Amino acid sequence: MQGLGSVWQALSASKRIMLVGAVGATIIAFTMLARTVSTPTMALLYSGLDTDVAGEVISSLEQMGAHTEVRGDAIYVPADRRDSLRMALAREGLPQQGQAGYELLQELSGFSTTSDMFNVTYWRAVEGELARTILATPGVRAARVHIAQQRSGAFSRNGAEPKGVVTVTMGRGALTSAQANSIRYVVASAVPRLAAEQVAVIDADRGVILSPGTLDDISGAQADAADRERKIERDLLDLLEARVGAGNARVQVAMEIDTEREAVMEKVYDPNGRVMAGKQTTEVTESSTGGSGGSITVASNLPEGDGNANGSQSASEKTQTDESVSYELSEIRREREKAPGAVKRLSVAVLINNIETTADDGSVTFTPRPDEELTALRELASNAVGLDETRGDTLTIQAMPFQPIENDGILVEQSFVSDFMERHLMTVVQIAVLSIVTLILGLFVVKPLLSTAPAPQAVAAAGPAVESAAAPAELIAQHQDPMETLKGLANDRTDETATLIKSWLEEGEEAA
């Protein structure tokens with residue numbers, strides 16, 4: 001401490017100010033350097049969360065003791081703990097994706113909740129549960145469900161039918177027509193009196209996938225046709241490359257679909273076929289008796305009299321049978337409804353590379369493929385795509401030499417050093433800059449300031465020799481020839497010169 005005090009006393013005011021500033025800058029640089037080294041590399045944990053959900057996530061992270069940084073709507077955590085923190089948050093059910101579900105009903109109070117409040121909360125809960133179900137679809141990152149339910153009166157029998165809209169944000173890939181239709185039927189099945197055709201499905205990136213109304217089948221059929229085209233291309237390409245080699249075949253499929261909706265009702269009668277519809281039989285029987293002739297007397301009226309002894313008797317009986325049989329002709333009734341999406345025409349184009357041969361000198365030659373091979377490939381392709389020439393399907397296979405791909409350079413794989421620099425480049429730059437600044441301040445500012453001050457022990461040891469040397473120095477500066485001046489001083493002041501030389505010799509012996 002005494003040495004530092006003596007050094008401080010030996011400095012001038014300007015050098016003291018410079019020394020204080022240099023030491024302060026060095027301390028600040030060392031502090032920034034230590035902070036940069038100790039600060040962990042931050043990685044993205046979640047982004048795009050709602051405000052309340054982001055607050056819950058940050059609160060849970062603070063309870064776990066994790067360092068967090070909020071940059072806009074993104075939450076960053078140390079890169080080495082990101083995966084473990086995600087699993088820990090998932091165990092707690094965070095973040096809650098989509099809308100709130102049936103837990104909204106638990107917040108209602110039976111004393112202060114009106115019927116309107118309950119209805120609104122109920123439909124919000126239904127929308128939230130449907131959104132959670134849609135999130136289970138592979139590739140779906142976010143989903144929102146909106147249901148338009150018109151309020152009906154207490155005495156109304158038939159209210160307006162509800163409608164629904166589903167907005168889907170895909171995390172990877174695109175929303176296919178099959179997934180859109182499944183989402184539509186999930187929503188329609190969960191809401192009473194909601195028809196499937198009244199549910200619209202919207203992709204946040206591609207726009208409307210299924211629109212409400214009768215055109216849904218057309219748009220769905222067109223999207224399905226595109227998926228079917230890609231599937232046919234992939235399957236046919238795999239089949240051809242198994243023979244001609246990878247990269248030696250190109251396949252293009254164009255599918256024309258029928259976008260008309262048709263309802264057919266057919267009733268066919270068979271005149272050769274009869275079917276008995278009913279049989280009716282009616283039988284009528286009539287009988288009658290009577291007499292004639294003889295006179296009527298008093299005796300004929302007596303009980304014992306023979307009033308009819310002299311007359312004649314007659315009797316008649318009649319029977320009639322009617323039979324009615326009804327027949328009906330044999331008939332066939334057919335009702336058929338054809339929805340859009342049927343394949344109207346299929347066109348397939350296949351381009352195959354010729355046989356490529358590389359000579360010893362590096363030259364490349366192409367040999368046309370034989371017709372037998374092309375015929376076999378055509379047969380395989382027609383069976384693979386289900387070619388139907390009766391509806392106008394076409395299949396074209398051509399063998400042509402492919403143009404060589406220009407070499408744009410050599411593919412260089414990323415090494416460990418480059419990967420490390422890519423991940424930690426900014427950290428390395430910060431450490432390097434702070435280190436250079438610290439070295440510059442220490443070596444070129446602080447050290448020169450401390451080394452320019454004379455040591456107190458050297459001043460005390462020199463004593464009168466140093467003081468006596470000051471005068472000759474002034475004389476040397478005034479004289480033109482320094483050597484002549486020194487000789488004159490040595491001759492004039494022999495005692496002082498001897499003392500000075502003796503002190504120099506003693507210092508040299510001590511140093512040795």
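Biologist: Is Gln 179 buried or exposed?
Modeller: In this predicted model, Gln 179 has a relative accessible area of 18%. Buried means under 20% relative accessible area, exposed over 50%, and partly exposed in between, with a 1.4 Å probe and protein chains only. Gln 179 therefore counts as buried.

Biologist: Where does Gln 179 lie, and which residues is it in contact with, leaving aside neighbours within four places in sequence?
Modeller: Gln 179 lies in helix α7; helices (H or I, at least four residues) and strands (E, at least two) are DSSP runs, numbered from the N terminus. Contact means heavy atoms within 4.5 Å. With neighbours within four places set aside, the contacts of Gln 179 are Thr 137, Pro 138, Met 170 and Ala 174.

Biologist: What conventions apply to numbering, confidence and atoms?
Modeller: Residues are numbered from 1 along each chain as its sequence is written, and side-chain values use heavy atoms, with hydrogens and water left out. Local features need pLDDT of at least 70 and side-chain atom pairs count only at pLDDT 80 or more, while totals for chains, interfaces and linings use all residues.

Biologist: How does Gln 198 count by accessibility?
Modeller: Gln 198 sits in the loop between α7 (177–190) and β6 (199–203). Beyond its neighbours within four places, Gln 198 has contacts with Pro 162, Lys 163, Gly 164 and Pro 212. Its relative accessibility is 21%, so Gln 198 counts as partly exposed.

Biologist: What separates the C-alpha atoms of Gln 198 and Pro 162?
Modeller: Along the chain the two residues are 36 residues apart. Pro 162 is one of the contacts of Gln 198. The C-alpha separation is 7.8 Å.

Biologist: Which element gives the largest share of the largest nonpolar core?
Modeller: A nonpolar core is a set of buried Ala, Val, Leu, Ile, Met, Phe, Trp, Tyr and Cys residues joined through side-chain atoms within 4.5 Å. The largest has 22 residues, and those with the most contacts inside it are Ile 134, Val 166, Val 168 and Leu 175. Two or more residues come from each of α6 (115–135), β4 (140–148), β5 (163–170), α7, β6 and β7 (207–210). The largest share, five residues, is that of α6.

Biologist: How many residues make up the second core?
Modeller: In soluble globular proteins, nonpolar side chains tend to be buried together. The second core is separate and includes Val 348, Val 350, Leu 374 and Leu 395. Its number of residues is 20.

Biologist: Which strands stand at the edges of the open sheet that contains β11?
Modeller: This sheet of three strands has the order β8-β11-β14, with mixed pairing; two strands pair if DSSP finds at least two bridges between them. Each edge strand has a single partner, so one side of each is left without a neighbour in the sheet. The edge strands are β8 (249–258) and β14 (394–400).

Biologist: Which residue in β14 is the bridge partner of Val 348?
Modeller: β11 (342–353) and β14 pair in the parallel sense over seven bridges. In β14, the partner of Val 348 is Leu 395.

Biologist: What angle does helix α10 make with β14?
Modeller: Axes are lines fitted to C-alpha atoms, for helices over the stretch in contact, and angles run from 0 to 180 degrees between N-to-C directions. Helix α10 (371–385) packs on the sheet and touches β11 and β14. The angle with β14 is about 145°.

Biologist: What is the order of the antiparallel three-stranded sheet?
Modeller: β1 and β2 (69–71) stand at its edges, each with a single partner strand. β1 and β3 pair over five bridges in the antiparallel sense, and Ser 47 stands opposite Ala 74 in β3. The order is β1-β3-β2.

Biologist: Why are the buried residues of α4 on the same side, and which residues are they?
Modeller: α4 (82–91) packs on the sheet, touching β1 and β3. Its buried residues cover an arc of only 100° around the axis, taken from the directions from the helix axis to the C-beta atoms, which puts them on the same side. The face turned away carries the exposed residues Met 87, Ala 90 and Arg 91. The buried residues are Leu 85, Ala 88 and Leu 89.
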